[in-house]
Amino acid sequence: MGAAGHYNLLTQQEIFDFKLPPLKNDCFLWLWCPFRKFEDGISTVRAWGFRYCETGIVWVKMVKDNSHPTMGLGVRIRVCHELLLLGVRGRPAQKNKNTRS
């Protein structure tokens, strides 16, 4: 069933065409991306006018009591995490260079 059984989904082209609010010329984009959609996530970063920089933060989805990861969806591997993709446009100032993943 997946997400489509719970709410309406956008096509990948609709996501590419999504109108972002006005942004500064020099800025970062943080985009959560399901692991199975990693390539689409990078394509989305580029379609929105950003350069893909890196992936450094992973969200491991846990069961309600936080005792173990959820049983994710997947064809070959039951993926239970999402990636936070970082895109950049222009030359935004980086105020803190000590951020760790």
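This short talk walks through the sheet, a helix and the cysteines of the structure above.

Hi everyone! Please keep in mind that this is a predicted model.

Let's start with the sheet. In what order do its strands lie? The order is β1-β3-β2, in an open sheet of 3 strands with antiparallel pairing. The edges are β1, residues 27-34, and β2, residues 51-60, and each of these pairs on one side only. On average, neighbouring strands here are turned by 25° against each other, ignoring direction. A quick reminder for the newcomers: strands of a sheet pair through backbone hydrogen bonds, and the pairing can be parallel or antiparallel.

Now look at β1 alongside β3, which covers residues 81-89. These two strands run antiparallel and share 8 bridges. Within this pairing, Cys-27 sits opposite Arg-89 of β3. Packed on the sheet is helix α2, residues 38-47, which touches β1, β2 and β3. The direction of α2 makes about 160° with that of β1.

Next, the cysteines. How many disulfides are there? The count is 0. Take Cys-27: the nearest cysteine sulfur belongs to Cys-53 and is 11 Å away, and Cys-27 is in no disulfide. Why does Cys-80 have no bond either? Its closest cysteine sulfur, in Cys-33, is 15 Å away, which is too far, because a disulfide needs two cysteine sulfur atoms within 2.5 Å.

Last one: are these two cysteines, Cys-27 and Cys-80, buried or exposed? Cys-27 counts as buried because its relative accessibility is 12%. Cys-80 is buried too, with a relative accessible area of 17%.

Thanks for listening!

Notes
Residues are numbered from 1 along each chain as its sequence is written. This is a predicted model: local features need pLDDT of at least 70, side-chain atom pairs count only at pLDDT 80 or more; totals for chains, interfaces and linings use all residues. Side-chain values use heavy atoms; hydrogens and water are left out. Buried means under 20% relative accessible area, exposed over 50%, partly exposed in between (1.4 Å probe, protein chains only). Two strands pair if DSSP finds at least two bridges between them. Helices (H or I, at least four residues) and strands (E, at least two) are DSSP runs, numbered from the N terminus. Axes are lines fitted to C-alpha atoms, for helices over the stretch in contact, and angles run from 0 to 180 degrees between N-to-C directions. Contact means heavy atoms within 4.5 Å.
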